[in-house]
Each structure stands twice: as structure tokens, then as C-alpha cells.
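Here are a few exercises to work through with the structure open beside you. Try each task before reading its solution.

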Amino acid sequence: MTHADESTTKVHYICQTYVEQKPRRDEQASLKIGKQFQYSTAAEAQNRAEREAQSEECAGADAYMISEDPESGEVGSPSFLVRLGSVPETDDF
């Protein structure tokens, strides 16, 4: 990656919470996205995930970063900073 390529990459720091979805008959409970927050630093996203995970209605929380190429719109895979509580498998992303 050249220096020019680095300047065009935008990094997003995300805190995403999960809540339990009530199961339908003969199914297990599943998780669905509760809230999603975007921050300018990794520390802010991680701190929010830690606070949200302590909430009674929150089943779990992730803080992660993703890289985006603004020119192509291509987004990379998430790089997890912290995963707390009940969270989906990484294969689900």
C-alpha cells in the first residue's frame, strides 16, 4: 500500500449492542442488533461497549473497527477491539 492509498482509507470505530430476540415456537432465542454508535477513536468505542454491556436490556456488545475505501465504497472485515456478553459468531459478519 502506498502513502497515497493510506490517505484515502477511512477508519470507522463502531460500538454495536445486541438484544435477545424472543424465539418462535420450537426455536432457540437469537440475537439481533440493538444499537449502533460510531466514534472517532477506538477507546471511545470500547468504553461505550463496556458501559452498554452492563445494561440489563443488553445481551452483549462489540467494539470494532472497519476500514472503508471512500472511492470504491469497499468496506473491510471488522477488527474487534472487545467482545462482551452474548455476541454473534464472527462468521455472521
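**Exercise 1.** In this predicted model, work out the order of the strands in the open sheet and how they pair.

*Solution.* Step one: trace the 4 strands across the open sheet, which gives the order 2-1-3-4. Step two: check the pairing, which is antiparallel. Step three: look at the edges, where strand 2 (30-39) and strand 4 (79-85) each have a single partner strand, so one side of each has no neighbour in the sheet. Step four: follow the twist, which averages 25° from one strand to the next.

**Exercise 2.** Find how many bridges join strand 1 and strand 3, and which helix packs on the sheet.

*Solution.* Start with strand 1 (residues 10-21). Its antiparallel pairing with strand 3 (residues 60-68) runs over 9 bridges. For one example, take Cys-15, whose bridge partner in strand 3 is Ala-63. Now turn to helix 2 (residues 42-53), which packs on the sheet and touches strand 1, strand 2, strand 3 and strand 4. The direction of helix 2 makes about 10° with that of strand 1.

**Exercise 3.** Decide whether His-12 is buried or exposed, then find which side chains it joins in polar contacts.

*Solution.* First, place His-12 in strand 1. Next, compare its relative accessibility of 10% with the cut-off: buried means under 20%, so His-12 counts as buried. Then look at its side chain, which makes a polar contact of 2.8 Å with that of Gln-38 and one of 2.6 Å with that of Glu-68. Finally, leave aside neighbours within four places in sequence: His-12 is in contact with Gln-38 and Glu-68, and also with Tyr-64, Met-65 and Ile-66.

Key: Residues are numbered from 1 along each chain as its sequence is written. This is a predicted model: local features need pLDDT of at least 70, side-chain atom pairs count only at pLDDT 80 or more; totals for chains, interfaces and linings use all residues. Side-chain values use heavy atoms; hydrogens and water are left out. Helices (H or I, at least four residues) and strands (E, at least two) are DSSP runs, numbered from the N terminus. Buried means under 20% relative accessible area, exposed over 50%, partly exposed in between (1.4 Å probe, protein chains only). A polar contact is a pair of N or O atoms within 3.5 Å; within protein, one must be able to donate a hydrogen and the other to accept it, and residues adjacent in sequence count only if both atoms are side-chain atoms. Contact means heavy atoms within 4.5 Å. Two strands pair if DSSP finds at least two bridges between them. Axes are lines fitted to C-alpha atoms, for helices over the stretch in contact, and angles run from 0 to 180 degrees between N-to-C directions.
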